[in-house]
Amino acid sequence: MLLLKNYDDVMIVEEVCEVLKLGKNKVYELLQSGDIASRKVGRKYLIRD
């Protein structure tokens, strides 16, 4: 996807916020609801593009 070409294959919450133009609270809400697929490693969410 052209939009994600400047990012690694795995992104962190802050990068997802930039791409989707959403705040951290909304991104965490989407992660917890399962609307954005992710893996939680320790305290961090890792999101694949």
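I will go through the fold of this chain, its nonpolar core and its second helix, and I should say at the outset that the model is a predicted one.

Let me begin with the overall layout, where the protein chain has two helices and three strands, and where the order of these elements, read from the N terminus, is β-α-α-β-β. The chain has 49 residues, of which 24% count as buried, and its accessible surface comes to about 4000 Å², with 49% of that belonging to carbon and sulfur atoms. Among the contacts with a separation of 6 or more, 35% are between residues 24 or more positions apart.

Turning to the interior, the largest nonpolar core is made up of eleven residues, including Met11, Val19, Ile36 and Tyr45. Helix 1 (13-20), helix 2 (24-33) and strand 3 (44-48) each supply at least two residues of this core, and helix 1 gives the most, with four. If we look at Ile36 and leave aside residues up to four places away in sequence, we find that Ile36 touches Val16, Leu20, Leu30, Leu31 and Ile47.

Now to helix 2, in which Val27, Leu30 and Leu31 are buried. These three lie on the same side of helix 2, because they cover an arc of only 100° around the axis. What covers the buried residues of helix 2 includes helix 1 and strand 3, whereas the face turned away from that buried side carries the exposed residues Asn25 and Gln32. Finally, helix 2 is followed by Gly34, whose phi is positive, near 90°.

Technical notes
Residues numbered from 1 in each chain as written. Predicted model: local features only at pLDDT ≥ 70, side-chain atom pairs only at ≥ 80, totals over all residues. Heavy atoms only, no water. Core = buried A, V, L, I, M, F, W, Y, C linked by side-chain atoms within 4.5 Å. Buried < 20%, exposed > 50% of the residue type's maximum accessible area, 1.4 Å probe, protein only. Contact = heavy atoms within 4.5 Å. Areas by Shrake-Rupley, 256 points an atom, 1.4 Å probe, with all protein chains shown as cover. Arc of directions from axis to C-beta.
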